[in-house]
Structures are given as C-alpha cells and as structure tokens.
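Work through the following exercises with the sequence and the coordinates at hand. Each task is followed by a solution in steps.

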Amino acid sequence: MLHPPPGPSARPLNAFTVDVEDYFHVAALSSAIPRDSWSSRELRVEGNTERLLQILGERGTRATFFVLGWVAERVPGLVRRIAAAGHELACHGYSHKLVYTQTPAEFREETVRAKNCLEDTIGHSVLGYRAASFSVTRQSLWALDILIDLGFRYDSSIFPIHHDLYGLPGAIPEPHRVSAPSGRTLAEFPMSAATFLGLQVPVSGGGYFRILPYWLTRAGLKQINEQLQRPFAFYLHPWELDPGQPRFEVSAFSRFRHYTHLSRCEARLRRVLGDFAFGSMEEALQQRGLLATEARRLRPLLATPPLAHQPSVG
Ligand SMILES: [Zn+2]
C-alpha cells in the first residue's frame, strides 16, 4: 500500500545514495583510461566502500548503494556486506556507458545483466536504477519504459539542470511519478539543485559537494528542505574519499572536477550526515507516498560465484 504524503510540518527524509564504481569508470577520465584496460587496474572500490560503510554505520544512517554490474561481478562479497549492513542495494547499470550513447536493445541487455547479477548475489529483487552520469535525458527517455519492463519500481537518473554531460532542464525537481513514452509511470527521485541569485546550483553531492564551500552546500540543502519542503537526493562515489588513487593526465577541467578536495571529503561527509536527516531512497520515496511498501521477491542464492554467471538476456 502507499503511504499518504507527509504533512507540511514533517521533516523531509533525504535519500543518501552511493554510486559504487571505481576511479577508472568515471566518464571525465575516459579519454585517459581505455575501457579494455579496466580489468588490469588496481581495484580500490572495495576498500573505499568499506570506509563509507563504516562512516554510515557510526551514524546509524541507512543508504542506497547503486552498484555497477561490472563491480558486482568482481566483488560479490562487497555487495553482500552492503546488504548485510542493512542498506538498500540498487542498480547502476553494467558498463557505465551513457544511456543516450546506447541503442534501446543494448541498454536492455546490459541492464538485465546488471540486475540479475545483483539479485542473484543478495537473493532478492532490487527496486531502483540510476544511469551512469545521470544520462537519462530528453534523447533517452525510452529508457524509462525499459526500466518498467524489467520490473524496476523507481529511477533516479534525471538531473533537472543544464550540464555538459547530462541534464533535463525543466524536469520536475522533486520526487514524483514520471511518465515514460508509453504513458506508463515510474517513481522518479531526481537529483537536487538549490537556487542562489537566480542560478541553479547542484549542491547535493559529487564534485559540487567537494568543490563548493561547505557553508554554501549546507545553505542550499536547507533551502530545499525548509523553504521548498522537499527531500533531496545526496550522492557520493567511493573514490571521492580516496586521495591516494592513481592520477591521470586529462584536461584541466576534468582534473579539477575529479581531484579537487578529495582529502577533505570525509570530514565534510561527517558534517552533512550530522546536519540533515537521511535514509535510503526506498524509504524516502515511501515517505512521499510514491512507492508501495511490499515484500521483496525472493530469488534463490547462487551456489556458484557470480563471475561464472551467464546472464539471460531478453
Ligand atoms: Zn556512475
């Protein structure tokens, strides 16, 4: 059943989300890191995600981890530890290719592979999806119909701003039921922006969280919660807590976006966890009456390691 939306005085529950991928998956570094070299790179996602689990555990914060299928296949034990710590597991696609660079058939195939891998590893269905680099844009709204076909109950891939890689300017900026091109609907938790001097500033995570001064982030998040009475979706990547990661020669802009203030991120993370109320995305959508509370569909756990898993596609 659906919960009624909270009354005007209720404090919005914000969604704390982590996109579980490694430093070499990031679109901004792709010019320096060929895809076929990923398997030979030092894997740092496991240790960095463990660090995040520890910090969230200290605060008792439940979060949603959108795990890349490529990572889930290599470190299934990490996926099981995230679930065992009480967090929500959700899907970040398989290959980290931008949705609007894929055909619908490619997108369907890799999303099935990623979803099956996660569900076989944790033994129950996952409800949520987030695209690589928020790449559900005006050209790739067809992806919403495929997510509905595959049984996802919510999406969190739309960023209602202008950006060089992503963005759907003019999209509804708060959690809602989004219409897919077929007319069917899906719960959508878009990424959040605050407004300063008439400019939209995406204050809720990633590079913006590291680069902007914390007082500005905090003011923006308070504006979303208190003035607009909306929850926000906060997001972070495990590599953002890792100043020791290998460095790559990319454009000055990409270097700035990826490497600025990595060493300050953990302290800021602790502050934001203390300053705002967080839960998983599933809980935050339920609080808004946008997602039914339901028994998850159970799946038999695989007896063989997921690396040997052959996905069924279609
Ligand atoms: Zn990502």
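Two residues are in contact if their C-beta atoms, placed from the backbone, lie within 7 Å. The model is a predicted one.

**Exercise 1. Contacts of Val67**

Task: leaving aside neighbours within four places in sequence, list the residues with which Val67 is in contact.

Solution. Step 1: apply the 7 Å cut-off to the C-beta atoms. Step 2: drop the neighbours within four places in sequence; Val67 is then in contact with Val20, Ala72, Val79, Leu89, His92 and Leu118. Step 3: turn to the strand pairing, where Val67 stands opposite Cys91 in β3. Strand β2, residues 64–67, pairs with β3 in the parallel sense, and the pairing runs over four bridges.

**Exercise 2. The faces of β3**

Task: decide which residues lie on each side of strand β3 (residues 88–91), and whether they are buried or exposed.

Solution. Step 1: in a regular strand, side chains alternate between the two faces of the sheet. Step 2: one side of β3 holds Glu88 and Ala90, the other Leu89 and Cys91. Step 3: a residue is buried if 20 or more other C-beta atoms lie within 10 Å of its own. Glu88, Leu89, Ala90 and Cys91 are all buried, and both faces of β3 are therefore covered.

**Exercise 3. The nonpolar cores**

Task: find which residues have the most contacts inside the largest nonpolar core, and which helix gives the most to this core.

Solution. Step 1: nonpolar side chains tend to be buried together in soluble globular proteins. Step 2: the largest core has 72 residues, and Phe65, Val67, Leu89 and Leu118 have the most contacts inside it. Step 3: helix α4, residues 104–122, gives the most to this core, with five residues. Step 4: a second, separate core has five residues, among them Tyr23, Val26, Leu29 and Trp239. For the protein as a whole, buried residues make up 43% of the 314 residues.

**Exercise 4. Two positive phi values**

Task: for His96 and Leu197, state where each residue lies and whether it is buried or exposed.

Solution. Step 1: phi of His96 is near 65°, positive although the residue is not glycine. His96 lies in the loop between β3 and α4. His96 counts as buried because 25 other C-beta atoms lie within 10 Å. Step 2: phi of Leu197 is near 50°, also a positive value in a residue other than glycine. Leu197 is in the loop between β8 (194–196) and β9 (199–201). Leu197 has 5 C-beta neighbours inside 10 Å, so it counts as exposed.

How values were computed
Residues are numbered from 1 along each chain as its sequence is written. This is a predicted model: local features need pLDDT of at least 70, side-chain atom pairs count only at pLDDT 80 or more; totals for chains, interfaces and linings use all residues. A residue is buried if 20 or more other C-beta atoms lie within 10 Å of its own, exposed if 12 or fewer, and partly exposed in between; C-beta atoms are placed from the backbone. Two strands pair if DSSP finds at least two bridges between them. A nonpolar core is a set of buried Ala, Val, Leu, Ile, Met, Phe, Trp, Tyr and Cys residues joined through C-beta atoms within 7 Å.
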